[in-house]
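Let's take a walk through a protein fold together. Keep the 3D view open and turn it as you read.

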Amino acid sequence: MTEVLFYHLEGRSLEQVLPGLLEKCLERGWRSVVQLGSRERCEALDALLWTYSDQSFLPHGSAVDGANGERQPVWITTGDDNPNGASVRFFADGAAISGVEPYQCAVLLFDGHDIEMVERARDAWKTLASDGHQTTYWQQSVNGRWEKKG
């Protein structure tokens, strides 16, 4: 079964959190897919991953920019595609979490200030846990560190 991590964003935004998580995947040699809720958000994330740090960038691509998916360590999409053979799938910005079975790990990042996203995350937790997936819940502490809460 797939390990499913729920990241409850409260003190930091998706744009502040996601690059660090993607870096950790790359350090471990894992390919990732990031599924977002809209093409506009994909384009914004694409731009962010090139510029989020003065010290580095995250190599990535998407269908929007015409990249060869097989060659990309990080793939950005609005669909359920996985052209880079990723072992980790991120769901964010309202993308519905589904089809996690082929992945080693799935990560749902949700805005804790958006009641609808919190409710969808709760529903996803119940469904995925009842399907036998290993689920863990992470919440940001006051100092911005991630704490395992469930």
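Does Thr 135 count as buried or exposed? Thr 135 counts as buried because its relative accessibility is 15%, and the cut-off for buried is under 20%. Keep in mind that you're looking at a predicted model. To find this threonine, go to strand S7, which covers residues 134-140. Leaving aside residues up to four places away in sequence, Thr 135 touches Val 4, Phe 6, Trp 125, Leu 128, Ala 129 and Gly 150.

Now zoom out to the sheet that S7 belongs to. Eight strands make up an open sheet, and their order across it is S3-S4-S2-S5-S6-S1-S7-S8. The edges are strand S3 (61-62) and strand S8 (146-148), each of which pairs on one side only. The pairing in this sheet is mixed. A quick reminder of what that refers to: strands of a sheet pair through backbone hydrogen bonds, either parallel or antiparallel.

Let's go along part of that order, beginning with strand S2 (residues 32-35). S2 runs parallel to S5, and four bridges join the two. If you'd like a pair to look for, Val 34 has Phe 90 in S5 as its bridge partner. On the other side of S5 comes S6, again in the parallel sense and over four bridges. Here Val 88 has Cys 105 in S6 as its bridge partner.

Pause on S5 for a moment, and look at its two faces. Val 88 and Phe 90 sit on one side, Arg 89 and Phe 91 on the other, and all of them are buried, so both faces of this strand are covered. In the loop between S5 and S6 you'll come across Asp 93. Asp 93 has a positive phi, near 55 degrees, even though this residue is not a glycine. How exposed is Asp 93? Asp 93 counts as partly exposed because its relative accessibility is 23%, and partly exposed covers the range between under 20% and over 50%.

Next, carry on to S1. S6 and S1 are parallel, with seven bridges between them, and S1 is also parallel to S7, with six bridges joining that pair. Phe 6 is a handy marker here: its bridge partner in S6 is Leu 108, and its bridge partner in S7 is Tyr 137. You've met Phe 6 already, as one of the residues that Thr 135 touches.

At the S8 end, the direction changes. S7 and S8 pair in the antiparallel sense, over three bridges, and Trp 138 stands opposite Lys 148 in S8. The hairpin made by these two strands has five residues between them, and in it Gly 144 takes a positive phi near 90 degrees.

Time to turn to a helix. H1 has 14 residues and reaches 20 Å from its first C-alpha to its last, which is close to the 20 Å expected at 1.5 Å a residue. Its buried residues are Leu 14, Val 17, Leu 18, Pro 19, Leu 21, Leu 22 and Cys 25. After H1 comes Gly 29, which has a positive phi near 80 degrees.

H1 also helps to line some empty space. The largest pocket has a volume of about 220 Å³. Of the 13 residues that line it, Leu 5, Tyr 7, Leu 21, Arg 28 and Trp 30 are the closest to its centre. Strand S1 (3-9), helix H1 (14-27), strand S5 (88-91) and strand S6 (105-111) each give at least two residues to this lining. Sorted by class, the pocket lining has 10 nonpolar and three charged residues, with no polar ones.

Finally, there's a cavity to find. The count comes to one cavity of 30 Å³ or more. About 60 Å³ of space lies in the largest cavity. Which residues line the largest cavity? They are Leu 14, Glu 15, Leu 18, Leu 36, Arg 41, Ala 44, Leu 45 and Leu 48. H1 and helix H2 (39-51) are the elements that supply two or more residues to this lining, and H2 gives the most, with four residues. By class, the cavity lining has six nonpolar, no polar and two charged residues.

Terms used:
Residues are numbered from 1 along each chain as its sequence is written. This is a predicted model: local features need pLDDT of at least 70, side-chain atom pairs count only at pLDDT 80 or more; totals for chains, interfaces and linings use all residues. Side-chain values use heavy atoms; hydrogens and water are left out. On a 1 Å grid over the protein atoms alone, a cavity is a set of points where a 1.4 Å probe fits but cannot get out, and a pocket is an open set with protein on both sides within 12 Å along at least five of seven lines; lining residues have an atom within 4 Å of a point. Grid points are joined across faces, edges and corners, and a volume is the space filled by probe spheres set on the points. Ala, Val, Leu, Ile, Met, Phe, Trp, Tyr, Cys and Pro count as nonpolar, Asp, Glu, Lys and Arg as charged, and the others, Gly among them, as polar. The expected span of a helix is 1.5 Å times one less than its number of residues. Buried means under 20% relative accessible area, exposed over 50%, partly exposed in between (1.4 Å probe, protein chains only). Contact means heavy atoms within 4.5 Å. Two strands pair if DSSP finds at least two bridges between them.
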